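Got your viewer open? Let's take a walk through this model, one selection at a time.

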Amino acid sequence: MRRVYQQDRPAGETRVLVDRLWPRGIRKDDVDQWHKEVAPTDGLRRWFGHESSRFDEFARRYRCELDANEATDGFVLLCARLLEAQDVALLFAARDCEHNNAVVLAGYVQGRLDKHL
């Protein structure tokens with residue numbers, strides 16, 4: 001996971017944006033793939049407001065959204081395929097690197113992959 005604004009890009013890495021909104025100032029060629037369909041809903045994103053005191057409840061609600069989202073299975077499979085060949089960086093725009101949707105999504109995907117290995 002890394003902020004989309006970080007300029008370093010290791011060779012052989014796929015950069016996957018997982019925010020619902022496109023970040024300001026980022027060119028399309030700075031990102032390899034954009035999967036807004038697995039980002040938190042607008043309502044949940046607005047409720048959270050990047051307030052770290054709400055993070056645990058945000059993570060719980062977001063995992064429920066992921067469980068109910070038809071796009072989640074495809075995203076997990078995509079991550080599994082990408083990881084076979086190269087590293088994958090889940091990109092996010094939030095300033096807080098510990099309390100954001102990419103942290104929750106990465107844990108969720110890793111948990112699903114661990115179950116199937």
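Where is Q6 found? Select Q6 and you are in the loop between β1 (2–3) and β2 (13–17). Those element names come from DSSP runs numbered from the N terminus: helices are H or I runs of at least four residues, and strands are E runs of at least two.

A quick word on the ground rules. This is a predicted model, numbered from 1 along each chain as its sequence is written, where local features need pLDDT of at least 70 and side-chain atom pairs count only at pLDDT 80 or more. Totals for chains, interfaces and linings use all residues, while side-chain values use heavy atoms, with hydrogens and water left out.

**Stop 1: out from Q6**

Stay on Q6 and show the surface. Q6 counts as partly exposed because its relative accessibility is 33%; the scale runs from buried (under 20% relative accessible area) through partly exposed (in between) to exposed (over 50%), using a 1.4 Å probe and protein chains only. Now draw a distance from the C-alpha of Q6 to the C-alpha of L78: the two are 72 residues apart along the chain and separated by 23 Å. Try R60 next, 54 residues from Q6 along the chain, and the C-alpha separation is 28 Å. R60 lies in helix α2 and is partly exposed, with a relative accessible area of 41%.

**Stop 2: the rings**

Colour Phe, Tyr and Trp. How many aromatic pairs does a search of the whole structure find? The search finds five. Here, rings of Phe, Tyr and Trp (its six-membered ring) pair if their centres lie within 6.5 Å; planes under 30 degrees apart are stacked, over 60 edge-to-face, and the rest tilted.

Zoom in on F55 and F58, a tilted pair with 6.2 Å centre to centre and 40° between the planes. Both sit in helix α2 (residues 55–68), three residues apart, which is about one turn of the helix. Buried or exposed? Both F55 and F58 are buried. Add F48 and Y62 to your selection, and you have a cluster of F48, F55, F58 and Y62 linked by ring pairs.

Two other rings have a charge over them, meaning that NZ of Lys or CZ of Arg is within 6 Å of the ring centre and within 35 degrees of the ring normal. At W22, the charged end of K28 sits over the ring, 4.0 Å from its centre. At W47, look for R61 over the face, at 4.1 Å from the ring centre.

**Stop 3: two loops**

Select H50, in the loop between α1 (42–48) and α2. Most residues other than glycine have a negative phi. H50 is not a glycine, yet has a positive phi of about 55°. H50 is also partly exposed, with a relative accessible area of 46%.

Move on to E70, in the loop between α2 and α3. At 77% relative accessibility, E70 counts as exposed. Its C-alpha is separated by 17 Å from that of D42, 28 residues away along the chain.

**Stop 4: the pockets**

For this stop, the protein atoms alone are put on a 1 Å grid, and a pocket is an open set of points with protein on both sides within 12 Å along at least five of seven lines; lining residues have an atom within 4 Å of a point. Points are joined across faces, edges and corners, and a volume is the space filled by probe spheres set on them.

The largest pocket has a volume of about 380 Å³. Of its 19 lining residues, D19, L21, R45, H50 and A93 lie nearest its centre, so that is a second visit to H50. The lining has 12 nonpolar, three polar and four charged residues. In this sorting, Ala, Val, Leu, Ile, Met, Phe, Trp, Tyr, Cys and Pro are nonpolar, Asp, Glu, Lys and Arg are charged, and the others, Gly among them, are polar.

Now for the second largest pocket, with a volume of about 170 Å³. Select M1, C79, L83, V88, A89, L90, A106, V109, Q110 and L113 to show its lining. α3 (71–85), β4 (87–92) and α4 (101–116) each supply at least two of these residues, and α4 gives the most, with four. By class, the lining has nine nonpolar, one polar and no charged residues.

**Stop 5: the cysteines**

How many disulfides are there? A disulfide is a pair of cysteine sulfur atoms within 2.5 Å, and the count comes to zero. Select C79: its nearest cysteine sulfur, that of C97, is 19 Å away. C79 counts as buried because its relative accessibility is 7%, whereas C97, at 43%, counts as partly exposed.

Key:
1 Å grid on protein atoms, 1.4 Å probe; cavity = no way out; pocket = protein on both sides within 12 Å on 5 of 7 lines; lining within 4 Å.
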